[in-house]
Amino acid sequence: MATAELVLGLLADGPAHGYDVKRGHDSWFPDSRPLAFGQVYSTLGRLARDGLAEVVEKGSEGGPERTVYAITDKGRKHLADWLADPVPPAWGSADEMLRKLVAAVRTGGDATEFLARQRASHLRRIRELNATPAGDDLTSPLVRDYTVAHLDADLRWLDSVIERITEQKETRR
């Protein structure tokens, strides 16, 4: 995940401290896992170290110390270059679902049962996403549609794998 570039994108709107960055990220991707505070602060530190962001203010005003960061010109160029570079299509990658399936098949586990549980999990997530409004801004529905489309594609793949494994079991009988 391009956390550094997303943080730069959040800083492009103006200086912010870690809490604002986290809140901004989580509002940009409400259907995803929230960004951890530790990841926010370590990313801000790396961006500052690399000259892509800078500390513009430190203060506590009676509460915990808050460091405010701003994107630098170098950071704006980095963000623009990242946005201009297309993401290569994923091929040959194996996410955890595929790894578990391969391990189940190769170790004699019940692949069909794993696939059925995975399918149910995907259906449940699609129902959850469709049951809640995506938000009124432009990007929230785009993120939601992308997530649902990928879950739907996974479901089609899961169905084809279940069918293939079932056919192979029947052929062996």
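**Exercise 1. Find the helix that holds S42, and decide whether S42 is buried, partly exposed or exposed.**

Solution. Start with the secondary structure: S42 sits in helix α3, which spans residues 37–49. Keep in mind that this is a predicted model. Next comes accessibility. The relative accessible area of S42 is 34%. Buried means under 20% and exposed means over 50%, so S42 counts as partly exposed. To finish, look along the chain to G18: 24 residues separate G18 from S42, and their C-alpha atoms are 9.8 Å apart.

**Exercise 2. Work out how helices α1 and α2 are oriented to each other, and list the residues that make their contact.**

Solution. First take the geometry. Helix α1 covers residues 3–11 and helix α2 covers residues 18–28; they pack at an angle of about 105°, with axes 10 Å apart. Angles of 65 to 115 degrees count as roughly perpendicular, and α1 and α2 are therefore roughly perpendicular to each other. Now for the residues: α1 brings L6, V7, G9, L10 and L11, while α2 brings V21, G24, H25 and W28. Sorted by class, the contact of α1 with α2 holds 6 nonpolar and 3 polar residues, and no charged ones.

**Exercise 3. Compare the two sides of helix α5: which residues are buried, and which are exposed?**

Solution. Helix α5 runs over residues 96–106, and its buried residues include M97, L101 and A104. These residues cover an arc of only 65° around the axis, so they lie on the same side of α5. Turning to the other side, we meet E96, R99 and R106, which are exposed. What lies over the buried residues? The cover includes α6 (111–131) and α7 (139–172).

Then check the two ends. At the start of α5, a side-chain oxygen of D95 comes within 3.2 Å of the backbone nitrogen of M97. Just after α5, G108 has a positive phi of about 80°.

**Exercise 4. Describe the surroundings of two residues of α7, S140 and V161.**

Solution. Begin with S140, which belongs to helix α7. Its relative accessible area is 4%, so S140 is buried. The side chain of S140 has a polar contact of 2.6 Å with the side chain of D137. Leaving aside residues up to four places away in sequence, S140 touches S27, P30, A134 and G135.

Move on to V161, also placed in helix α7. With a relative accessible area of 9%, V161 is buried. Again leaving aside residues up to four places away in sequence, V161 touches L101 and L115. One of these will be familiar from the previous exercise: L101 is a buried residue of α5. As for L98, it is 63 residues from V161 in sequence and 11 Å away in space, C-alpha to C-alpha.

**Exercise 5. Where does T72 lie, and what does T72 touch?**

Solution. Locate T72 first: it is in the loop between β3 (66–71) and α4 (73–84). The relative accessible area of T72 is 13%, so this loop residue is buried. Looking for partners, you will find that T72 touches G51, L52, A53 and E54, not counting residues up to four places away in sequence. For G51 there is an atomic detail to add: its backbone oxygen lies 2.6 Å from a polar atom of the T72 side chain.

Methods. Residues numbered from 1 in each chain as written. Predicted model: local features only at pLDDT ≥ 70, side-chain atom pairs only at ≥ 80, totals over all residues. Heavy atoms only, no water. Axes fitted to C-alpha atoms, helices over the stretch in contact; angles between N-to-C directions. Helix = DSSP H or I, 4+ residues; strand = E, 2+ residues; numbered from the N terminus. Parallel < 35°, antiparallel > 145°, perpendicular 65-115°, else oblique. Contact = heavy atoms within 4.5 Å. Nonpolar A, V, L, I, M, F, W, Y, C, P; charged D, E, K, R; others polar. Buried < 20%, exposed > 50% of the residue type's maximum accessible area, 1.4 Å probe, protein only. Arc of directions from axis to C-beta. Polar contact = N/O pair within 3.5 Å; in protein donor to acceptor, adjacent residues only side chain to side chain.
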